[in-house]
Amino acid sequence: SDEQNGPIYRSLHGAANLTGEWVRGEAGWMCASELPNTVNRLPDDLRLAWDTELGGPHMVPTLHRNAAGDMRVRLLLRLAPWHDPRHRDMVRRLVSMPAAHVMIGEVEASTLRLGGSFPEELAVVGDATAAAPLTGLDLTLDLSLAYYQLFCKQIATAVGVPGTVAVVLSSTPGGEGTTPDVQSTVVPVSLRLDRVDDLPCTVTLPETPSPRTLTVRNDSGVDLTLGGAAVTLLQVDEESVVPVDAYAGRCTSTFPVTIPAGGSVELAIEPADEDEADETPPATDATAEAAPATEETALLWNGVLVELFDKRLVTTPDQMLKHVHELAGATDMTRDLVVTSPVFATGTLPERWANLVSIEVEVTPPGSPATSVVLSLATPSRPLPAPVTLHDVATGAPGGITSVAYRVRNNYVDHQGAWTEPQQQSGTDLVVYPNAAVGD
């Protein structure tokens with residue numbers, strides 16, 4: 001049983017006689033808590049926090065211009081702790097507290113450092129040396145357009161944007177001439193769109209004694225998959241913070257399962273030792289007049305503690321990134337697209353365009369209405385304000401302008417020519433030529 005094997009587990013895995021001092025074992029860093037039925041533990045990672053209202057990670061980008069007039073991206077990220085559900089389940093077994101709450105304990109100090117390529121392009125708004133609570137924090141970054149594009153590419157891959165939180169667990173002042181004794185560790189930071197802190201689900205039980213099923217409702221706002229579940233069966237009393245009793249359970253459903261947004265799935269559960277749960281010892285003379293042995297000895301539970309394993313988004317990282325930028329909405333930021341015709345820039349027109357007065361260029365940036373400019377010998381080049389969107393910044397050419405559609409028509413001394421078929425060109429310089437005059 002857990003009660004008999006608990007001391008052995010704790011001895012083997014470094015959690016024997018758990019106290020207020022931090023110790024590291026197979027289930028990570030942990031220590032005793034002053035709260036009843038609670039164990040303190042450091043998280044495995046800090047990850048992007050999931051926001052149910054947004055239906056995505058708490059990642060809010062905004063375009064702005066700095067004092068020098070350069071366009072940049074202000075990015076608000078919310079980081080939250082992630083505990084591996086398997087490690088939480090292991091903690092409870094190691095300390096023989098099958099229904100323990102696993103919480104983040106107090107540490108002396110914690111400092112965040114983000115890594116990745118070109119860190120000089122990333123600036124933290126506010127005090128970059130401020131404490132980074134392991135319980136979660138809001139982080140505001142100021143990024144160049146080029147680095148934001150790189151940032152988006154990285155968080156949409158398995159590489160992610162890495163970082164660390166340097167943690168001082170405890171320290172003891174040293175004597176004169178000696179250095180302090182510091183106990184420290186590092187908690188990884190992993191910023192990836194396919195790995196968030198949690199995808200919220202609600203677990204409910206039917207109102208029957210010792211239920212053999214439970215229902216998992218997906219409250220995350222997106223479709224998800226589950227890879228497994230660990231189950232502990234509980235006898236609970238509303239007036240007690242500690243369960244009256246707990247039994248090892250198991251989930252017998254087949255995994256993985258997919259749960260649509262707002263949908264539910266029913267999982268089958270049973271005691272881990274089904275034979276023991278159903279076994280009814282023979283009655284004796286001493287118990288013959290008491291309640292039936294079945295009611296005395298059968299396992300009874302009215303609650304359940306569930307750890308859901310391998311919760312995964314069905315949405316791809318690229319789809320989620322597009323969703324983030326759609327939520328950001330439109331901006332009033334523009335960048336000049338320079339439209340030029342080398343034919344007019346020479347100062348004289350070739351003989352084949354002797355009757356040409358000007359050309360009209362109709363430009364259609366992505367998601368915007370068409371705008372026209374007229375080029376001539378007097379004005380061979382014109383700037384055209386083109387809107388810049390965050391999606392363009394993340395996925396397009398440097399500067400936030402992807403490709404534009406354009407078409408051209410000639411204006412002659414005595415008539416107007418026909419429009420060309422729409423064409424595509426990328427970049428911030430659009431070079432165009434007059435249409436052939438023959439037959440126009």
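A residue is called buried under 20% relative accessible area, exposed over 50%, and partly exposed in between, using a 1.4 Å probe and protein chains only. Keep that scale at hand for the tour.

What you have open is a predicted model, where local features need pLDDT of at least 70 and side-chain atom pairs count only at pLDDT 80 or more, while totals for chains, interfaces and linings use all residues. Residues are numbered from 1 along each chain as its sequence is written, and side-chain values use heavy atoms, with hydrogens and water left out.

**Stop one: a salt bridge and its network**

Start by selecting Arg-217 and Asp-219, whose side chains form a salt bridge at 2.7 Å, N to O. The term stands for a side-chain nitrogen of Lys or Arg within 4 Å of a carboxyl oxygen of Asp or Glu. Asp-219 is partly exposed at 24% relative accessible area, and Arg-217 is partly exposed too, at 36%. Elsewhere, Arg-72, Arg-74 and Asp-142 are joined into one network by salt bridges that share partners.

Zoom in on that network: Asp-142 and Arg-74 meet at 3.2 Å, N to O. This pair links distant parts of the chain, from strand S12 (residues 137–144), which holds Asp-142, to strand S8 (residues 71–82), which holds Arg-74, 68 residues apart. Helices (H or I, at least four residues) and strands (E, at least two) are DSSP runs, numbered from the N terminus. Asp-142 is buried at 11% relative accessibility, whereas Arg-74 is partly exposed at 33%. The model has 16 salt bridges by this rule.

**Stop two: a buried pair**

Now select Arg-92 and Glu-307, which form a salt bridge at 2.9 Å, N to O. Here too distant parts of the chain are linked: Arg-92 belongs to helix H2 (residues 85–94) and Glu-307 to strand S22 (residues 303–309), 215 residues apart. Are these two residues buried or exposed? Arg-92 is buried at 6% relative accessibility, and Glu-307 is buried at 6% as well.

**Stop three: strand S18 and its neighbours**

Stay with S22 and add strand S18 (residues 228–235), where 7 of the 8 residues are buried. S18 and S22 pair antiparallel over 7 bridges; two strands pair if DSSP finds at least two bridges between them. To see one position in this pairing, pick Thr-232, which stands opposite Leu-305 in S22.

Finally, bring in strand S19 (residues 245–251), which pairs with S18 in the antiparallel sense over 4 bridges. Select Gln-235 and you will find Asp-245 in S19 as its bridge partner.
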